[in-house]
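Biologist: I should like a close look at a single part of this model, followed outwards to the elements around it. Please treat the arrangement of the strands with care.

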Amino acid sequence: MTSLSFREVWEAKKRISLFVQPTPILYSDPLSEHTGARVHLKLEHTHPTGSFKLRGAANKILSLDEKDLKKGVTTFSTGNHGISVAYVAAELGIPCTVCISDRVPKAKVNRLKKLQASVEIVGSSQDEAEARCAELERDNGMTVIKPFDDREIIAGQGTIALEIMEQCPEVDEVIIPLSGGGLLSGIAFVMKSIEPSIRVTGVTMKKGAVMQESLAKGKPVILEESDTLADSLLGGIGTENRYTFSMTKAYMDEGVLVEEAQIEEGLLFTLEHHKMVVEGAAATGVGHALHSNDLQGKNVVVVMSGNNIDHDAITDLLAKS
Ligand SMILES: *Cc1c(COP(=O)(O)O)cnc(C)c1O
């Protein structure tokens, strides 16, 4: 499997400390009441980039040498990773090109442009955007910053778990939105290293759950993307996946597929009871918790992974509710 070490996560914490503030953890009275558990929300949507992806991106970029930094960075992304890479590049004053598919919501595109990144819209899947990045690396010497399947990225996301273990040491179960698996691999690696009995649950929207389908098939598969409120969970895991497939397989106790209606419910619940706006991917964990019968009496942490949602999507949801 991987030889990711605890030390690498500690190195990540040191490296990103100037860029990334620790995020709060919030005890949720309403969700606890609803589930019979003690539920804590880890507020990873409160980063300046609106998502946890800042951690991995900062760790990866800050690990590059001077020469590679000068040539700049490029990435393909459904949005949040691109935003975080662009943010770090802007802070460091280095060139950044983000290649994205035409499925990415316009709020995310506008935000990238505001961060001074050059944005290239290529095709309608993450795979096409990825091919363009490889070209930029080959022809212009830019470094491709991968969204999840990279040890510095995984170690960066793992720093979330160092905070959780300090903020909620009694944690029994952690619920983590799952797409490429960088977030889950990093968090689960750290938590299971400290306390192997902690249960790790990965949550994904039902349509296009690539990692979950890949685990079922025993190897990375490719699925067609379809529209979902949890758009940040779209995208493949790469047929040549090196780390996150085996780490997710090793560390995830249960993978849950969440119905679109439950994701909506999770989003509205968070809005109504906590006055917090999160995006569909982040609401997937809350949506699952609201319907789970397995949480009673447990100390549960739900990772609220991001908040980059189009105003239109919120307006539509509120109109429907
Ligand atoms: C990227 C992302 C995820 C999933 O992270 P992976 O490392 O790809 O599994 C979850 N939520 C949000 C908001 C994201 O941007």
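In what order do the strands of the open sheet of four strands lie, and is their pairing parallel or antiparallel?

Modeller: The model is a predicted one. In the open sheet of four strands, the order is 5-4-3-6 and the pairing is parallel. Its edges are formed by strand 5 (118–121) and strand 6 (143–144), each of which pairs on one side only. At the strand 6 edge, the neighbour is strand 3 (residues 73–76); these two run parallel and are joined by two bridges. Within that pairing, valine 73 has threonine 143 of strand 6 as its bridge partner. Helix 7 (residues 126–140) packs on this sheet and touches strand 3, strand 4 (96–100), strand 5 and strand 6. The direction of helix 7 makes about 165 degrees with that of strand 3.

A second open sheet has six strands, ordered 1-2-10-7-8-9, and its pairing is mixed. Strand 1 (25–27) and strand 9 (254–258) are the edges here; each has a single partner strand, so one side of each lacks a neighbour in the sheet. Direction ignored, neighbouring strands of this sheet are turned against each other by 25 degrees on average. Inside the order, strand 7 (residues 173–177) and strand 10 (residues 299–304) pair in the parallel sense over three bridges. There, glutamate 173 has valine 300 of strand 10 as its bridge partner.

Helix 13 (residues 280–291) lies across strand 7, strand 8 (199–205), strand 9 and strand 10 of this second sheet, and runs at about 115 degrees to strand 8. Helix 13 also meets helix 12 (residues 260–274): their axes come within 7 Å and cross at roughly 95 degrees. Helix 12 is therefore roughly perpendicular to helix 13. On the helix 12 side, the residues in contact include Ile263, Leu267 and Phe269, while those of helix 13 include Ala283, Val286 and Leu290. Six nonpolar, eight polar and one charged residue make up the contact of helix 12 with helix 13.

The ligand remains to be placed. Around the ligand there are 16 residues, of which Lys53, Asn80, Gly181, Leu183 and Ser305 come nearest. Several backbone atoms face oxygen atoms of the ligand at short range. For glycine 181, a backbone N or O atom lies 2.7 Å from a ligand oxygen. For leucine 183, the corresponding distance is 2.8 Å, again from a backbone N or O atom to an oxygen atom of the ligand. A polar backbone atom of serine 179 is 2.9 Å from an oxygen atom of the ligand.

Methods
Residues are numbered from 1 along each chain as its sequence is written. This is a predicted model: local features need pLDDT of at least 70, side-chain atom pairs count only at pLDDT 80 or more; totals for chains, interfaces and linings use all residues. Side-chain values use heavy atoms; hydrogens and water are left out. Axes are lines fitted to C-alpha atoms, for helices over the stretch in contact, and angles run from 0 to 180 degrees between N-to-C directions. Angles under 35 degrees count as roughly parallel, over 145 as roughly antiparallel, 65 to 115 as roughly perpendicular and the rest as oblique. Contact means heavy atoms within 4.5 Å. Ala, Val, Leu, Ile, Met, Phe, Trp, Tyr, Cys and Pro count as nonpolar, Asp, Glu, Lys and Arg as charged, and the others, Gly among them, as polar. Two strands pair if DSSP finds at least two bridges between them. A residue is near a molecule or strand if one of its heavy atoms lies within 4 Å of it. A polar contact is a pair of N or O atoms within 3.5 Å; within protein, one must be able to donate a hydrogen and the other to accept it, and residues adjacent in sequence count only if both atoms are side-chain atoms.
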